[in-house]
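This report concerns salt bridges and the surroundings of one threonine. The sequence and the structure are shown first.

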Amino acid sequence: MKNQYCLLLTLLLVFSCNSPKQKATSVDEQENLDSLLLKPEEMKFLKNIKQLTFGGNNAEAYWSFDDNYLVFQSDYAEWGVGCDQMFVTDWRNDDLKNNKPQLVSTGMGRTTCSYFLPDNKTIVYGSTHLGDENCPPVPERRVDGKYVWPIYPDFDIFTATTDGEILSQLTNTPGYDAEATVSPKEDRIVFTSMRTGDLELFTMNIDGSDVKQITNELGYDGGAFFSPDGEKLIFRSSRPKTEEDIKEYQDLLQEGLVMPTDMELYICNADGSDLRKLTDLGQANWAPFFHPSGEKIIFASNHTATRGFPFNLYMINIDGTGLTRITQDDTFDAFPVFSNDGKYLVFSSNRNNGGTRDTNLFVAEWIGG
């Protein structure tokens, strides 16, 4: 979901693949690449784009606190995994077209939502491996045709070193615990949990202590991120209101499923106070992330689509004004994340995949202000 879509992903001193340095790209070569990978309207916001991955489904790429590395999830079969596992890349220098990046999860179960801890040498992520070392089953196509995400009850949250050694298990309550991200204040982790019987947001200390519930309204609250100053949270939520929608949500939850086709963005203080709905666009609005100024949110949305696709990136002010479209893709752009210094944007996209269903990672310089 992050764990999926996420459904809807550490600093490495030594890489097992010893990837060669890539040669510098000339100005002309980069202009040609920008023209190939970016639409003219997108060049108001992005330039010097670089495709990082070239196969499989790659998503939820998050920066180390020093911006030198990205941790992400991938199911690329050529890297020897059967479902999502966590990898780290030196995004400026690694050649992932020809070399496998460093695996930092166990390779067992299914993983989701990795994030760097402030030391740049440790990551936090969700994994099902304690419940079963095999990949969990993917939900079968529903008779009613509705799109659903699995909420695997075996997910727990772990910390690990950049060579894949698990350091600690931060959660051990029954049911789903995942979607963990870390505050820039370096003191708290926010995550989604089923421990109350509903999918709510919680925060905890970096070591897993002092767990506090943040949201308490019926519906799926997830994909939360702290603001740059650590004072606010932005997240996606599906909050059913009618009796019919509430029954459907609760029935699916009993099956370990959620339906992520009607989601809006919410913003609140880091303790859950001053909660308010940020978007009211309709359809699926998700994968939100704060602009480094703290005054805007970038997110993925299909609110203009008539058949579920395309998804594109948008920005909106934290007061709900100034909605601006960033990408113009005709398929799928999502999981946008700004580097800590605000100079780069990483995102996942179906662009340039040769007509396959591959979702790859792209990094571009941000020039959108």
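Asp 177 is buried, because its relative accessible area of 0% falls under the 20% cut-off. In this predicted model, Asp 177 forms a salt bridge with Arg 195, and their closest N and O atoms are 3.0 Å apart. Asp 177 belongs to strand 11 (residues 177-182), while Arg 195 sits in the loop between strand 12 (188-193) and strand 13 (200-205), so the pair ties together parts that are 18 residues apart in sequence. Unlike the buried Asp 177, Arg 195 is partly exposed, with a relative accessible area of 29%.

The whole structure contains 16 salt bridges. Three of these pairs, including the one just described, are set out below with the N to O distance.

| Salt bridge | N to O distance |
|---|---|
| Asp 177 and Arg 195 | 3.0 Å |
| Glu 217 and Arg 239 | 3.0 Å |
| Glu 217 and Lys 241 | 2.6 Å |

Glu 217 thus appears with two partners, Arg 239 and Lys 241. In the pair of Glu 217 and Arg 239, the side chains meet at 3.0 Å, N to O. This pair links distant parts of the chain, 22 residues apart: Glu 217 is in the loop between strand 14 and strand 15, and Arg 239 is in the loop between strand 16 (232-238) and helix 2 (243-254).

In the pair of Glu 217 and Lys 241, the side chains meet at 2.6 Å, N to O. Lys 241 lies in the loop between strand 16 and helix 2, so its salt bridge with Glu 217 ties together parts that are 24 residues apart in sequence.

The accessibility of these residues varies. Glu 217 is partly exposed, with a relative accessible area of 31%. Arg 239 counts as buried at 11%, whereas Lys 241 is exposed, with a relative accessible area of 58%. Together with Asp 221, these residues are linked in a network of salt bridges.

Two members of that network, Asp 221 and Arg 239, are also in contact with Thr 215. Where does Thr 215 lie? Thr 215 is found in the loop between strand 14 (212-213) and strand 15 (220-226). With a relative accessibility of 2%, Thr 215 counts as buried. Leaving aside neighbours within four places in sequence, the contacts of Thr 215 are Glu 200, Leu 201, Asp 221, Phe 235 and Arg 239. For Leu 201, the backbone nitrogen lies 2.9 Å from a polar atom of the Thr 215 side chain.

Notes: Residues numbered from 1 in each chain as written. Predicted model: local features only at pLDDT ≥ 70, side-chain atom pairs only at ≥ 80, totals over all residues. Heavy atoms only, no water. Helix = DSSP H or I, 4+ residues; strand = E, 2+ residues; numbered from the N terminus. Buried < 20%, exposed > 50% of the residue type's maximum accessible area, 1.4 Å probe, protein only. Polar contact = N/O pair within 3.5 Å; in protein donor to acceptor, adjacent residues only side chain to side chain. Contact = heavy atoms within 4.5 Å. Salt bridge = Lys/Arg side-chain N within 4 Å of Asp/Glu carboxyl O.
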